2 protein chains.
Amino acid sequence: MRIVALAGGIGGARFLRGLKDVVAPGDEITVIGNTGDDIHLFGLKVCPDLDTVMYTLGGGIHEEQGWGRAGESFAVKAELAAYGVGPSWFGLGDKDFATHIVRTQMLAAGYPLSAVTEALCHRWQPGVRLLPMSDDRVETHVRITDEQGSRAVHFQEYWVRLHAELPAEAIVPVGADTAKPGPGVLEAIAAADVILFPPSNPVVSIGTILAVPGIRAAVAAAPAPVVGLSPIIGGAPVRGMADKVLAAVGVEATAAAVALHYGPELLDGWLVDPADADAVDRVTAGGIACRAVPLLMTDPAATAAMARAALELAEQVRG
Amino acid sequence: MRIVALAGGIGGARFLRGLKDVVAPGDEITVIGNTGDDIHLFGLKVCPDLDTVMYTLGGGIHEEQGWGRAGESFAVKAELAAYGVGPSWFGLGDKDFATHIVRTQMLAAGYPLSAVTEALCHRWQPGVRLLPMSDDRVETHVRITDEQGSRAVHFQEYWVRLHAELPAEAIVPVGADTAKPGPGVLEAIAAADVILFPPSNPVVSIGTILAVPGIRAAVAAAPAPVVGLSPIIGGAPVRGMADKVLAAVGVEATAAAVALHYGPELLDGWLVDPADADAVDRVTAGGIACRAVPLLMTDPAATAAMARAALELAEQVRG
């Protein structure tokens with residue numbers, strides 16, 4: 001079976017680990033990774049979501065934190081600060097720096113991000129095929145109003161430096177309109193037996209992937225069932241700032257509203273948590289099959305059960 | 001008093017520390033640093049000699065080693081090796097990486113190496129004005145013959161990876177012929193009251209600086225006395241591979257031969273170690289005033305005495 005998943009960072013990566021636990025030998029998982037949160041720091045190309053997937057599935061992730069490397073040190077960061085070179089709010093560790101140095105060197109040598117990602121995964125062996133959504137530069141910016149007035153900041157600045165405390169007035173995936181899907185992305189979607197939307201951020205993760213021209217249409221046209229898992233439980237994101245960025249696109253932060261935001265053009269099935277059991281009827285009425293199953297990824301078994309439920313729903317809705 | 005010194009790496013940096021100890025308040029030291037041993041590693045611009053001077057005079061050097069940072073760690077290097085990305089023979093530590101990241105980022109932003117060096121020195125406060133010999137890329141290559149045949153390798157590969165064990169057949173400062181002296185270099189030489197050649201490598205350090213068109217002529221034409229210190233004691237370099245690279249340019253590895261290699265067009269005075277007292281007559285006969293004083297930089301006091309002797313000889317030969 002060929003499974004395609006669109007994934008952001010921590011939530012997506014953890015879900016994918018559960019998915020790997022439940023697929024049959026020989027099943028192939030292709031992950032289309034969000035690159036809209038990529039950022040250039042210190043002259044280096046940093047791809048937080050791709051790296052979180054790669055580290056998580058490859059056994060190198062800082063488990064408690066969910067991002068960055070286990071057993072990390074911060075000598076480079078301290079030295080950069082001693083030079084007065086910022087930003088200081090982005091926590092790049094020494095091990096992580098090596099990844100960005102390799103990536104930046106390969107990009108400078110002319111390799112596209114997809115080839116670079118494949119090379120990095122050669123070390124990490126994540127057990128999935130990890131494809132950047134695009135080889136073209138896309139950067140999610142967030143419009144805010146602060147003491148400097150109304151302005152757009154990089155998504156990482158909004159989230160990591162500003163802790164998403166200010167309202168997000170608009171989400172702009174800069175460059176997405178002219179970006180092309182990465183090599184293999186459309187082909188994987190078209191050839192998929194199942195397409196999954198993990199409980200990643202529907203706006204700045206999966207929304208950004210879908211904003212690359214051709215990807216949304218490919219998912220909508222794909223013969224495979226498309227099943228998503230709500231990142232909202234009980235009216236709040238399990239982690240992250242989905243409520244803030246949903247507000248920016250005029251969608252309420254509920255399990256039902258997110259499903260209907262994707263819409264039946266994209267989704268065939270949707271999983272909500274039992275805390276949102278009241279969403280089932282509303283989503284079903286919207287033309288999307290809906291089930292309530294526990295959606296907290298509290299441990300590997302719970303996460304595997306979520307993945308199994310998603311695959312089961314896919315079989316049920318298969319046309 | 002305005003003192004100008006041409007300097008390579010470890011030997012030059014240690015001498016400069018002694019020089020700082022003996023100059024009068026208000027004296028200004030300008031160091032023209034060799035950049036011929038610069039190398040691009042992992043996409044980063046590494047300037048070993050400039051950094052050795054900067055770290056040594058700024059209090060950040062690994063004292064025993066003579067290069068690199070004190071209290072260094074090697075997490076980035078280990079990770080790069082885990083990615084299979086080399087070379088592994090160049091010992092870049094985490095703290096050192098930060099310097100190269102800042103430098104590379106500034107160069108990519110359009111700043112010349114001289115401005116970058118000034119910015120880095122803003123942190124280190126080396127107490128001297130450190131000027132790269134040129135803002136243009138110059139790379140010293142060494143011609144060798146090994147199992148791969150006759151070929152040129154980067155100087156760092158010759159020295160660090162191959163330990164200078166193979167004969168150096170030729171020394172080629174690639175790019176030197178079209179390089180321009182860095183901002184302030186010729187002006188500093190012309191305005192100097194004393195010009196010093198520390199006991200740096202006469203071929204790949206001071207020789208490379210002099211190979212930048214205009215610098216040799218400026219030193220020869222400078223009104224200031226020019227005094228050098230022999231890097232060769234008792235027929236062998238105190239450290240490094242000066243004997244190997246001297247052979248490549250047809251100069252014997254003796255204190256006298258090095259002085260005569262520079263020649264009376266450049267040098268007004270030359271210091272040799274008492275172990276080479278027999279060189280005094282030969283150098284003097286060559287038109288260069290010569291004194292024998294202890295030249296081993298065994299401790300700060302010994303190094304300061306060397307610097308004092310060089311300044312005294314400069315006064316004696318002042319025309």
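Over how many bridges do strand β6 (residues 139-146) of chain A and β7(A) pair, and in which sense? In this predicted model, β6(A) and β7(A) are joined by 6 bridges, and the sense of their pairing is antiparallel. Within this pairing, I144(A) has R151(A) of β7(A) as its bridge partner.

The two strands belong to an open sheet of 3 strands in chain A, which runs in the order β7-β6-β8 with antiparallel pairing. Its edges are formed by β7 (149-154) and β8 (170-174) of chain A, each of which pairs on one side only, and from one strand to the next the twist averages 30°.

A helix of chain B, α5, offers a second element to examine, and its length can be checked against expectation: at 1.5 Å a residue, the 12 residues of α5(B) (residues 113-124) should span 16 Å, which agrees with the 16 Å between its end C-alpha atoms. The buried residues of α5(B) are L113(B), S114(B), V116(B), T117(B), L120(B), C121(B) and W124(B); because they fall within an arc of 155° when seen down the helix axis, they line one face of the helix. On the face turned away from this buried side, α5(B) carries the exposed residues E118(B) and H122(B).

The buried residues of α5(B) pack against three elements of chain B, listed here with their residue ranges.

| Element of chain B | Residues |
|---|---|
| α2 | 48-58 |
| α4 | 94-108 |
| β5 | 129-132 |

After α5(B) comes Q125(B), a residue with a positive phi, near 45°.

Terms used:
Residues are numbered from 1 along each chain as its sequence is written. Chains are lettered from A and ligands numbered from 1 in the order in which they are written. This is a predicted model: local features need pLDDT of at least 70, side-chain atom pairs count only at pLDDT 80 or more; totals for chains, interfaces and linings use all residues. Side-chain values use heavy atoms; hydrogens and water are left out. Two strands pair if DSSP finds at least two bridges between them. Helices (H or I, at least four residues) and strands (E, at least two) are DSSP runs, numbered from the N terminus. Axes are lines fitted to C-alpha atoms, for helices over the stretch in contact, and angles run from 0 to 180 degrees between N-to-C directions. The expected span of a helix is 1.5 Å times one less than its number of residues. Buried means under 20% relative accessible area, exposed over 50%, partly exposed in between (1.4 Å probe, protein chains only). The arc is that of the directions from the helix axis to the C-beta atoms. Contact means heavy atoms within 4.5 Å.
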